[in-house]
Amino acid sequence: MSRNSFFVLCCAILLTPSASSFAADPPDLILHHGKIVTVDKQFSIAEAIAIRGERITAVGKNDDVLKTKGESTKLVDLQGKFVMPGLMDSHVHPGGASLHEFDHPIPEMESIADVLAYVRSRAAVVPAGEWIVVRQIFITRLKEPRYPTRAELDAAAPKHPVMFSTGPDAMLNSLALKESGIDKDFVVSGTGQIEKDANGELTGMLRSCSRYAKSKSSGKSATDEEKTQRLRDLFADYNSVGLTTVSDRSCGEGELARYHQMHTDGKLTVRMMVSGSVDAGGKTEDVQKRIRFWGAHPLRAKSNWVRVIGTKSFLDGGMLTGSAYMRQPWGVSEIYSIRDPDYRGILYIEPDKLKAIVQTAVEEKLQFTAHSVGDGAIHNLIDAYAAVNPTHPVRETRPCITHCNFLTKDAVAQMAQLGIVADLQPAWLYLDARVLTQQFGYDRVRYFQPYKSLFEQGVMVGGGSDHMQKIGSLRSINPYNPFLAIATTVSRRARWYDAQFHPEECISREQAIRFYTSNNAYLLFLEEETGSLEPGKLADLIVLDRDLLTCEADQIAATQVQKTWLGGKLVYEAK
């Protein structure tokens, strides 16, 4: 027998069993006569897709895929509809978000008048002397971008301590200052400052030190069952906008246990990849111990449902609050109530400590990420990765930068060189470009979320929302509607902003789709399982009401999901 004949015979022997197995086990479902965007390496477009159990068995031409059907195969004629992989959000906070309105509904607030009206409405129902707290109504998103003043909060609720909190920063009224024991002589230890006016009087602003406000919740608490139900409601809404995988980017043990139990009980309708929460404010050895805790967690085991992939810390403040750590001063600002011309924001982790904890994460084979908004914080984190890399190569752990907003050309190049990935939030560009331009000027925000530069340099970046509060993809604080985000990356158009925001950083529709599918799959260590529609991968896919590749650009954000499958199971169908 010739060598070629022997080779052909071996191939026949190897292929026959799989062909027989394929014929004996036809697909459960075939979707056909559609436009199926596979998001494979070639960005191939197919007509039909076959699914057996939780996985894809075939993708291709209608006739070829339909030949695989069996007697019990369900056929769905897509009638030309657009199909793509299930979408992924690389940054959410489901636990807190789902419970935000558990006590009472919270209206949208787009102006100082709205904020004060809400405070007055709470003062009418909350007993005198109890705290009224307004959280995460960011000043960049108010029509008159500024904090409400101490006097305005006093007038709205003179008998209640009131705190307007945007995270580490907060504006307090007079009674809240008194209840917290804060006067003109109060001394801050650690980061932050209590701000005063030109006469030395307290303005009410606690800059990066809202920890000193002794606020107390007057709302009702949820039971374990209610917490689980609220998460189910939220995840159902995620499914309704095409989300099939999300990443809790600062997860505690209790939340992780709840996700795991929901999966065990068959109640989880999103894949959950987790960055364990690590407070980096303590001693270095304590922070390292916490990182090792996550490294040894049982849910570190490889899973396409619930898995600990890394850790999350906070490196600087925020751009929404005026505390992101910048390389150059913020500048005196009425918007952010900044009086110090040399103020550069807040850095929470000093460089030597940052290097030590990054190295610990790499040793544990965990993806390290840190909330890093300002260019100063971003460069500090890149420097830490670069310092660790010679002895503990970082690329394999997919070192991450969370938010990664104020970039520089040099930072993008370094990220590409080291294999640093990032999760970015296009909704911040959409909602905040107006005020950022007012604060910094157009030229200084040239590299704010520079999508095209990142893609061209080969930096793997994925799209997220930083969803923090409320259920509802467009009413949430930091909206999690991925089609609004995709539209923003393609157009770089923003709310209340007339022009395009640095249109030289627009990306193509193909890149925008990858941003929320295959790129995020890589960020979340799922690229072998999801992110594209290919035989052998999990059947996470969605059907849309329009063609994202050809519809008018101004119609992308209005896209509606008609069906969502997760692992071959229909988890959402539009009514």
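**Exercise 1. Locate the kink in helix H13 and describe the surroundings of this helix.**

Step 1. In this predicted model, helix H13 covers residues 426–440 and has a kink of about 65° centred on Asp432. The bend at a residue is the angle between axes fitted to the seven residues ending there and the seven starting there. Helices (H or I, at least four residues) and strands (E, at least two) are DSSP runs, numbered from the N terminus.

Step 2. Of the 15 residues of H13, 13 are buried, and the helix is mostly covered. Buried means under 20% relative accessible area, exposed over 50%, and partly exposed in between (1.4 Å probe, protein chains only).

Step 3. Just after H13 comes Gly441, with a positive phi of about 85°.

Two notes on reading the values follow. Residues are numbered from 1 along each chain as its sequence is written, and side-chain values use heavy atoms, with hydrogens and water left out. Because the model is predicted, local features need pLDDT of at least 70 and side-chain atom pairs count only at pLDDT 80 or more, while totals for chains, interfaces and linings use all residues.

**Exercise 2. Find how many cavities of 30 Å³ or more there are, and state which residues line the largest cavity.**

Step 1. On a 1 Å grid over the protein atoms alone, a cavity is a set of points where a 1.4 Å probe fits but cannot get out, and lining residues have an atom within 4 Å of a point. Grid points are joined across faces, edges and corners, and a volume is the space filled by probe spheres set on the points.

Step 2. The count comes to 1 cavity of 30 Å³ or more. The volume of the largest cavity is about 40 Å³.

Step 3. Its lining consists of Asp89, Pro426, Ala427, Gly464, Ser465, Pro479, Tyr480, Asn481, Pro482, Ala485 and Tyr516. At least two lining residues come from H13 and at least two from helix H15 (482–491).

**Exercise 3. Describe helix H15 from its start to the residue just after it.**

Step 1. At the start of H15, a side-chain oxygen of Asn481 lies within 2.9 Å of the backbone nitrogen of Phe483. Asn481 also belongs to the lining of the largest cavity.

Step 2. H15 is largely enclosed by the rest of the structure, because 10 of its 10 residues are buried. Among them are Phe483, Leu484, Ile486 and Val490.

Step 3. Just after H15, Arg492 has a positive phi of about 50°.

**Exercise 4. Give the strand order of the open sheet with 6 strands, and say which strands stand at its edges.**

Step 1. The order is S3-S2-S7-S21-S22-S23, with mixed pairing. Strand S3 (45–46) and strand S23 (569–573) stand at the edges; each has a single partner strand, so one side of each is left without a neighbour in the sheet. Two strands pair if DSSP finds at least two bridges between them.

Step 2. Strand S2 (residues 35–37) pairs with strand S7 (residues 82–85) in the parallel sense over 2 bridges. Lys35 has Phe82 in S7 as its bridge partner.

Step 3. S22 and S23 run antiparallel and are joined by 4 bridges. Leu566 is bridged to Lys569 in S23. The two strands form a hairpin with 2 residues between them, and Gly567 in the turn has a positive phi of about 55°.

Step 4. In the loop between S2 and S3 is Val39, which has a positive phi of about 55° although it is not a glycine. Val39 counts as buried at 2% relative accessibility.

**Exercise 5. Place Leu548 and list its contacts.**

Step 1. Leu548 lies in the loop between strand S21 (541–544) and strand S22 (561–566). At 2% relative accessibility, Leu548 is buried.

Step 2. Contact means heavy atoms within 4.5 Å. Not counting residues up to four places away in sequence, Leu548 touches Phe82, Met84, Phe483, Arg509, Ile513, Ile556 and Thr559.

Step 3. Ala487 is 61 residues from Leu548 in sequence, and their C-alpha atoms are 9.6 Å apart in space.

**Exercise 6. Is Thr369 buried or exposed, and which side chain does its own side chain join in a polar contact?**

Step 1. Thr369 lies in strand S17 (residues 367–372) and is buried, with a relative accessible area of 0%.

Step 2. The side chains of Thr369 and Thr402 are joined by a polar contact of 2.7 Å. A polar contact is a pair of N or O atoms within 3.5 Å; within protein, one must be able to donate a hydrogen and the other to accept it, and residues adjacent in sequence count only if both atoms are side-chain atoms.

Step 3. Leaving aside neighbours within four places in sequence, the contacts of Thr369 include Arg249, Lys312, Tyr385 and Asp423.

Terms used:
1 Å grid on protein atoms, 1.4 Å probe; cavity = no way out; pocket = protein on both sides within 12 Å on 5 of 7 lines; lining within 4 Å.
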